[in-house]
Amino acid sequence: MAICPQCPDQDESLEEDTMKVYSPLTLEKLARQRLLREEALAISALKDLPNILFPVMFEEAFINGHTKVLTAMIPVWPYPYLSVGMMIKNLNLETLKAVLEGLDILIAQKVHSSRCKLREINWRNGYHDINGICTRSYEDLPGFMTQKQPMQNSPGCGVKKELKLTTQLELIEGRLDESATYLLQWAQQRKDSIHLCCRRLEIQGLTKATVIEIFNFLHADCVQDLELLHLRIEDLAFLNPYLRQMNNLLDLTLSHITDTLSDSEISQLPIFQCLESISVNNVSFIYGNLKGFLRCLKKPLDSLSITDCNLSQSDLDFLPYCRNICELESIKIADISLCYLHLEPLRFFLQRVGHSLQYLELEACGIQDSQINTLLPAISQCFHLRGVSFCNNNFSLLFLKELLHHTAQLSQLEREIYPAPLECYEMGVILSHRLENFCPELLDILRAKRKPKEVTFETTQCSKCGGYYIYDLGSQSCIFQL
Ligand SMILES: [Zn+2]
Ligand SMILES: [Zn+2]
C-alpha cells in the first residue's frame, strides 16, 4: 500500500481535453442521408444500388432508425454474410424486429431475388471491435481467437438450414433481455428454416426455468464460449447436464463463484472435449483443488488464466505434472498471493511449457527477490515469449536487473511490463523521480542484447486515488496515470 504525491490536487489531472475534431461529411454520405430521409425512395432505389454501397447504406439506415429500409434490404442482400457489431448505435428491439421482418420476407419467398446471397446473419458480434456492419463471417475476421474450426464438423451446427442466425446470449440475474427473448421466440417459430446458433453464452445468476426453456430450443453444441458468473454450487450442479452436451466449447470462464466444492462435487464436473482456454476469477473451490478441476480437460489447453483466487502449495506442486497444460501458449496468474509459497514447481512448469509459451503474466502476486530468482533460469528458456508482465511484485533494483538480464535474451518479446523496484517507495510514498532515474539504466540492459519494442515499468497503484506512475520506452519519461 502506497500513496502518490499527486493525491492532494488530483482533480486537475482528471480534466480531460474534450476538444472534438469534426470532419466534413463526404458528398456520398450526404447523398445517402438525403436518400434515407425519403424511405420510399430509398427502398425503390435499392435495385440500382451497387453492391459495394449496401453495407454503408445499411449502417446509415441502422444508426438513423430507418427500419423500413432495413427490412427491405435483407431480401436483396448481395453478400453471404451480414454481421451486426455490438457497438453499433440503435442495436435494440426495433432494429432487430426490422431485420427479422426482412428475413420473414426472404423465408416466405418461393423464388428468391437472384441478387440475394444471404446465408448467415451475425447479430451482436461481441468478438471484434466492429462498430458497424460488415459483410464477412465473424470467423473470417482477423483476430478471432479460434482460427481452428471445430464448429464445421459439429453435429449441432452441421444441421443444414437455409439460413443461420448467430448470436450471443446473456442471462443476467437469470433473465434474457427483451431483444434476446424476442429473437428466441421468433426463431423457435421458424425452426424449420432458421438455425439460431448461440456462439457465446453468459449466465450470470440462474433461473432454472429460463435455462430449461433456452436449451429446449438451442443446441448446446453450438456454444463455443461460455461464461458462468455469480453462481452457487447447486446452480453448477443443475447446469451440469447441459455442460456435458457442449461438445464444441472452446472457452470457459468461471467468475465469482464463492461456494466451496467437495471432492466428489469436483469430480462431477464435466469433461470438455476441445476446450482451448480456461479463465477462473475469484473462484473459491480452486484452492487445494486445481488438480481435480483441471481434470475437466480432454486435450492440451492453449490458455490458462487464474486470477483473484487462493492457491495452495499443493496446487502449485501439481502444475508441472498436469499433462493437459504442457502445451500452453498463454498463462496468467494475477492477484494471487504467492509470497509464502515455494516457487520451484512453477519453475519446473515453465521449463515444461517453454517450447510453446508465448505470453506469461505474473501480476500482483507479491513475488519477492528470492522467489523471482528461483524462476529466472526457466524464464530465459521460454524462447517463444512475445509478451511478459511482472507488474505489482516486490523486486529490489538488484533483482529487477537480474530479471532484465534474463528477458534480454528473449528475442521474440514484443511487449514487456515490469514493476518499479522497491527503491521507488519510501515510507509508503511512491517516489516517481527515482523510477525516472533508474529506467534508462534498466532499459540499457535490454538494449545491450536486442532492440526492445514496448517496455514499461509501473509502480503500484496509489491506495488513495488509484493512480500510478508508468515509465515507458516510447516517451522515456515518467507519467502519472489514473
Ligand atoms: Zn494518489
Ligand atoms: Zn449452431
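In this predicted model, the cover over the buried residues of helix 15 includes helix 14 (344–353), strand 11 (359–363) and helix 16 (397–407). Helix 15 itself spans residues 369–379, and eight of its eleven residues are buried, so the helix is largely enclosed by the rest of the structure. The buried positions are Asp369, Gln371, Ile372, Thr374, Leu375, Leu376, Ala378 and Ile379. Helix 16, one of the covering elements, also borders a loop worth a look. This loop runs between strand 12 (387–389) and helix 16, and it holds asparagine 392. The phi of asparagine 392 is near 60 degrees, a positive value in a residue that is not glycine. With a relative accessibility of 29%, which lies between the 20% and 50% cut-offs, asparagine 392 counts as partly exposed.

A second asparagine can be described in similar terms. Asparagine 90 sits in the loop between strand 1 (81–85) and helix 6 (93–108). Although asparagine 90 is not a glycine, its phi is positive, at about 75 degrees. Its relative accessibility is 26%, and asparagine 90 therefore counts as partly exposed.

Turning to helix packing, helix 9 (residues 208–217) and helix 10 (residues 233–245) have axes that come within 11 Å and cross at roughly 5 degrees. Since angles under 35 degrees count as roughly parallel, the two helices are roughly parallel to each other. On the helix 9 side, the residues at the meeting point are Lys208, Val211, Ile212 and Phe215, and their counterparts in helix 10 are Phe238, Leu239 and Tyr242.

Past helix 10, the chain enters a loop that leads to strand 7 (251–257), and leucine 250 lies in this loop. Leucine 250 has a relative accessibility of 1% and so counts as buried. Its C-alpha is 5.0 Å from that of glutamate 276, a residue 26 places away in sequence.

The C-terminal part of the numbering offers a hairpin made of strand 17 and strand 18, with five residues between the strands. Strand 17 (residues 468–472) pairs with strand 18 in the antiparallel sense, over four bridges. In one of these pairings, tyrosine 469 has phenylalanine 480 of strand 18 as its bridge partner. Within the hairpin, glutamine 476 takes a positive phi near 55 degrees. In a regular strand, side chains alternate between the two faces of the sheet. Strand 18 (residues 478–481) has a covered face formed by Cys478 and Phe480, and an uncovered face formed by Ile479 and Gln481. Phenylalanine 480 thus appears twice in this picture, on the covered face and as the bridge partner of tyrosine 469.

At the level of the whole protein, the secondary structure comes to 17 helices and 18 strands. Of the 482 residues, 54% are buried. The exposed surface is about 23,000 Å², and carbon and sulfur atoms supply 50% of it. Among contacts between residues at least 6 apart in sequence, 79% join residues at least 24 apart.

The largest nonpolar core holds 150 residues, and the members that touch the most others are Leu103, Phe285 and Phe457. The surroundings of leucine 103 illustrate this core member well. Beyond its neighbours within four places in sequence, leucine 103 is in contact with Ile74, Leu118, Ile121, Leu163, Leu165, Trp186 and Ile194.

Technical notes: Residues numbered from 1 in each chain as written. Chains lettered and ligands numbered in written order. Predicted model: local features only at pLDDT ≥ 70, side-chain atom pairs only at ≥ 80, totals over all residues. Heavy atoms only, no water. Core = buried A, V, L, I, M, F, W, Y, C linked by side-chain atoms within 4.5 Å. Buried < 20%, exposed > 50% of the residue type's maximum accessible area, 1.4 Å probe, protein only. Contact = heavy atoms within 4.5 Å. Areas by Shrake-Rupley, 256 points an atom, 1.4 Å probe, with all protein chains shown as cover. Pairing = 2+ DSSP bridges. Axes fitted to C-alpha atoms, helices over the stretch in contact; angles between N-to-C directions. Parallel < 35°, antiparallel > 145°, perpendicular 65-115°, else oblique.
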